[in-house]
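Q: Please take a close look at one small part of this model and follow it outward into its surroundings. An informal walk-through is fine.

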Amino acid sequence: MPNPLFDALIAPHNSKAELFATLPDGKTASYAEFIAVVGRAAHVLDQAGLKPGDRLILRVEKSVEAVAIYAACMARGVIFVPLNTAYTAPEVAYFLSDATPRLIVCDPIAAETIDAGDAVVFTLTATGEGSFAEAMQDAPDDLIPMDRAPDDLAAFLYTSGTTGRSKGAMLTHENLLSNARALVDVWRITEADTLLHALPIFHAHGLFVAINTTLLAGCALIFLPKFDVSEVLRHLPRATTMMGVPTYYTRLLAEDRFTRETAAHMRLFISGSAPLLTETQARFGDRTGHRILERYGMTETGMNSSNPYEGERRAGTVGLPLPGTEIRVMADPGKIGMIEVRGPNVFKGYWQMPDKTAEELSKDGWFTTGDLGQFDADGYLTIVGRDKDLVITGGYNVYPKEVEDVLDRVPGVVESAVIGVPHPDFGEGVVAVLAGEPDHDTVRAAARQNLADYKCPKRLFTVAELPRNTMGKVQKAALRETYKDAFS
Ligand code: AMP
């Protein structure tokens, strides 16, 4: 039995001299060099006693070595569990107790404080040094993958956990491979591409969408530690594709140095993880002549839909279902309802949470995404918001996005977030939090002119910036907490 994921992503590049990654300091790694590191990393896993099905937690800054550890897990059947470097000690303690890893790779500071239990701890720094790197020095670099079935687990990715405990989404080899194949196909990624990679690699976007498609197509990465606008502008002239969260594109637009010329040779800009404003899409088009391609996905399913490569990229929508993936909206045609997804990309369930899994994943394979959406007549899907962000005021449903779209068009409003907070009469009252320097009377007038009374915000607040997480998502739960007394 072979190892289809490894055979598709890693094996074809063995001894290939082509470029795999360029680092910010100009250092490069060819595919052959990268795969030698994967081989050594796999031997370190063997020496540490890891067996298929064991978990490895990786909590380090971005480096080629970190990617090699991911690939080594793929080769060895070890379940890869990446963690956000921003997690605090109590959060990390929870993930360790939940995932019970046999091996932890972290930065040297965390290694001193972490309560690892029985796990082996190795260190790895942003520059690829530390005890893991030392162990690799003495290891051979030959690489024979273990057999894996499509249904075997490749990774757990912890969901952001905005309600309750973070859950480990169990992703199989087949989940990752089918999704990478669909994306390489619809986005026409080839060996000739160079992807500007500024995303974190502990999340599905930067790890699976970006790295798996790169490995499958055999193209090159410009591997930046984080999104720094000057660094991105410096490297963009050598890239052909970029993947980002919407914030990356608004930050680029805020720079006069970002011009039509800077983007002239680019083939494709892709956005996802949070909604891309229609206004951002329009400004990006005016500035560069490029139309950003927006897609939709999540930790549990990988990518579900994408605007087309050829054909209309419709602003405000997340496009059409990917080949092999079914999407349905649980409402009458054209109406708003819960989005459900089925296909080879849909995860196997939440680690050690059979009840949660049964709630969200039906026996016939439909996953309840928690997102509300709507199909238009041409089959393009629009995300209206998270189910739990829906505001119910006096018995009426208010979809925050509809209100935000109106507010965002008011001069002085950079962007807005509409939330529901407790209200003595209506159950919930509509509150708008505005970023920018808007005149509140103008905002109220625009709302009254465009929206039914019950949808108009009853209170307005202005802030310098909306709170966002690293993936660019507006933190509505945090806003609800901040403004919970707005009507008391
Ligand atoms: P995560 O599991 O962290 O990747 O978050 C997934 C969630 O991000 C989805 O359930 C959506 O709510 C949101 N999301 C992802 N892509 C988009 C998009 N293009 N537009 C709007 N929301 C998105």
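Where does Asn84 lie: in the loop between which strand and which helix?

A: First, keep in mind that this is a predicted model. Asn84 sits in the loop that runs between strand E4 (79-82) and helix H4 (89-99). Being in a loop doesn't leave Asn84 out in the open: its relative accessibility is 13%, and with the cut-off for buried at under 20%, Asn84 therefore counts as buried. Locally, a polar atom of the Asn84 side chain lies 2.8 Å from the backbone nitrogen of Ala86. Further along the chain, once you set aside neighbours within four places in sequence, the contacts of Asn84 are Arg59, Phe202 and Thr470.

Now step back along the chain to helix H3 (64-76). H3 is mostly covered, with 12 of its 13 residues buried. Val64 is one of them, and the others are Ala66, Val67, Ala68, Ile69, Tyr70, Ala71, Ala72, Cys73, Met74, Ala75 and Arg76. The geometry checks out as well: at 1.5 Å a residue, the 13 residues of H3 should span 18 Å, and the end C-alpha atoms are indeed 18 Å apart. Just past the helix, Gly77 has a positive phi of about 75°.

What packs on H3? Take Val38, which belongs to helix H2 (residues 31-47). Its relative accessible area is 0%, so Val38 is buried. Not counting neighbours within four places in sequence, Val38 is in contact with Ala68, Ala71 and Ala72, plus Leu143. Ala68, Ala71 and Ala72 are among the buried residues of H3. The spacing has a simple logic: an α-helix has 3.6 residues a turn, so residues three or four places apart point the same way. For a sense of scale, Val38 and Pro246 are 208 residues apart in sequence, and their C-alpha atoms are 32 Å apart.

H3 also takes us to helix H7. The buried residues of H7 pack against H3, and against helix H1 (4-9), strands E7 (153-158), E8 (168-172) and E14 (302-306), and helix H8 (204-217). Of the 14 residues in H7, 10 are buried, so the rest of the structure largely encloses this helix. Those buried residues are His173, Asn175, Leu176, Leu177, Ser178, Asn179, Ala180, Ala182, Leu183 and Val184. Its length agrees with expectation too: H7 covers residues 173-186, should span 20 Å at 1.5 Å a residue, and has its end C-alpha atoms 20 Å apart. Just after H7 comes Arg188, with a positive phi of about 55°.

Two loop residues help fill in this region. Ser166 is in the loop between E7 and E8, two strands that the buried residues of H7 pack against. With a relative accessible area of 10%, Ser166 is buried. Its side chain comes to 2.4 Å from the backbone oxygen of Thr159. Ser166 and Tyr350 are separated by 184 residues in sequence, yet by 9.9 Å in space, C-alpha to C-alpha.

The other is Phe347, found in the loop between strand E17 (337-342) and strand E18 (349-350). Phe347 is buried, at 3% relative accessible area. Leaving out residues up to four places away in sequence, Phe347 touches Ala169, Met170, Leu171, Asn175, Glu300, Leu361 and Phe367. Asn175 is one of the buried residues of H7. Leu56 sits 291 residues from Phe347 in sequence, and the two are 19 Å apart, C-alpha to C-alpha.

That leaves the ligand. There are 15 residues around the ligand, and Glu294, Arg295, Thr299, Asp371 and Arg386 are the closest. By class, that shell holds six nonpolar, four polar and five charged residues. For polar contacts, His203 puts a polar side-chain atom 3.0 Å from a ligand oxygen, and Arg386 has a side-chain N or O atom 2.9 Å from an oxygen atom of the ligand. Arg295 works through its backbone, with an N or O atom 2.8 Å from a ligand nitrogen. On its own the ligand has 500 Å² of accessible area, and the protein covers 90% of that. Strands E13 (293-298) and E20 (381-386) are the elements giving two or more residues to the shell, and E13 gives the most, with five.

Methods
Residues are numbered from 1 along each chain as its sequence is written. This is a predicted model: local features need pLDDT of at least 70, side-chain atom pairs count only at pLDDT 80 or more; totals for chains, interfaces and linings use all residues. Side-chain values use heavy atoms; hydrogens and water are left out. Helices (H or I, at least four residues) and strands (E, at least two) are DSSP runs, numbered from the N terminus. The expected span of a helix is 1.5 Å times one less than its number of residues. Buried means under 20% relative accessible area, exposed over 50%, partly exposed in between (1.4 Å probe, protein chains only). Contact means heavy atoms within 4.5 Å. A residue is near a molecule or strand if one of its heavy atoms lies within 4 Å of it. A polar contact is a pair of N or O atoms within 3.5 Å; within protein, one must be able to donate a hydrogen and the other to accept it, and residues adjacent in sequence count only if both atoms are side-chain atoms. Accessible areas come from the Shrake-Rupley method with a 1.4 Å probe; for residues, only the protein chains shown count as cover. Ala, Val, Leu, Ile, Met, Phe, Trp, Tyr, Cys and Pro count as nonpolar, Asp, Glu, Lys and Arg as charged, and the others, Gly among them, as polar.
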